Every structure is written in structure tokens, then in C-alpha cells.
Amino acid sequence: MAIRTDTAKIERQYLRDMVDVTDKRILEIGCGSGRLTWQYADDAYHVVGIDVELEDLQAGLASRPQHLSSKVDLMAGSAIVLPFASSTFDHVIFAWSF
């Protein structure tokens with residue numbers, strides 16, 4: 001899949017306008033390599049990103065900023081069957097995925 005970039009630098013602001021991630025537990029469905037994840041993860045309490053593309057997840061783990069290693073977990077998974085209790089997360093982000 002082609003990587004989309006935010007050339008106008010507005011994606012982060014749109015995300016913040018839609019949801020306050022500050023100190024929240026976030027599930028990101030379709031996190032890919034973490035391109036969007038790294039834009040908001042500093043503010044979140046904890047982030048779990050899932051994706052079905054193992055190569056993207058490996059790239060994400062390799063590019064994950066060191067200071068986020070205890071705050072962001074990336075794992076293989078599908079939105080069809082989520083292995084989490086319904087109250088595990090405060091918000092779910094699903095962007096740029098199909």
C-alpha cells in the first residue's frame with residue numbers, strides 16, 4: 001500500500017479536534033508502521049496499535065521512538081475480532097485504513 005503523507009501538516013490538528021487523547025487509553029486499528037501513532041502517542045496514557053500487515057508492524061517497532069517503548073504496543077490483529085474487554089480503551093482511532 002502506498003504511504004500517505006500529510007504534506008499540509010494538518011492531520012495532527014484534525015485528530016486533536018476530533019478526540020482528546022490526553023492521558024487516555026487508545027486503541028488504534030490499522031496502525032501500520034505507526035506514522036499517525038507517533039503524532040499523538042506522547043499525550044496518551046497508553047496506546048495499543050493493531051494491524052494485519054506484519055511488515056508494517058515490524059517497521060513500526062523499528063521506528064518507534066525510544067521514549068514511547070513502554071507507552072505504545074504494536075501487535076498483529078484484526079478489527080473483526082478484538083482480543084480486548086469492552087472497557088479496556090477510552091477511545092478507538094481508525095484512520096487511513098480499509
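This report covers a buried glutamate, the nonpolar cores and one loop leucine in a predicted model.

**Glutamate 28**

Glutamate 28 lies in strand β1, which spans residues 25-29. Glutamate 28 is buried but forms no salt bridge. Arginine 35 has the nearest side chain of opposite charge, 7.4 Å away. A salt bridge needs a side-chain nitrogen of Lys or Arg within 4 Å of a carboxyl oxygen, so this pair does not count. The side chain of glutamate 28 does make polar contacts with other side chains, as tabulated here.

| Side chain | Polar partner side chain | Distance |
|---|---|---|
| Glutamate 28 | Threonine 37 | 2.6 Å |
| Glutamate 28 | Tyrosine 40 | 2.7 Å |

Setting aside residues up to four places away in sequence, glutamate 28 touches Leu36, Thr37, Tyr40, Val48, Gly49, Ile50 and Ile93.

**Nonpolar cores**

In soluble globular proteins, nonpolar side chains tend to be buried together. Here, the largest nonpolar core holds 16 residues. Ile26, Tyr40, Val47, Val72 and Ile93 have the most contacts inside it. Helix α2 (37-40) and strand β3 (72-76) each contribute at least two residues to this core. A second, separate core has five residues, among them Leu27, Ile29, Val48 and Phe89.

Valine 72 touches Thr37, Trp38, Ala41, Val47 and Arg64, not counting residues up to four places away in sequence.

**Leucine 82**

Leucine 82 sits in the loop between β3 and β4 (91-94). Is leucine 82 exposed or partly exposed? It counts as partly exposed because its relative accessibility is 36%. Beyond its neighbours within four places in sequence, leucine 82 contacts Leu27 and Ile50. Leucine 82 and isoleucine 29 are 53 residues apart in sequence, with their C-alpha atoms 9.7 Å apart in space.

Key: Residues numbered from 1 in each chain as written. Predicted model: local features only at pLDDT ≥ 70, side-chain atom pairs only at ≥ 80, totals over all residues. Heavy atoms only, no water. Helix = DSSP H or I, 4+ residues; strand = E, 2+ residues; numbered from the N terminus. Buried < 20%, exposed > 50% of the residue type's maximum accessible area, 1.4 Å probe, protein only. Lys, Arg positive; Asp, Glu negative; His and termini not counted. Polar contact = N/O pair within 3.5 Å; in protein donor to acceptor, adjacent residues only side chain to side chain. Contact = heavy atoms within 4.5 Å. Core = buried A, V, L, I, M, F, W, Y, C linked by side-chain atoms within 4.5 Å.
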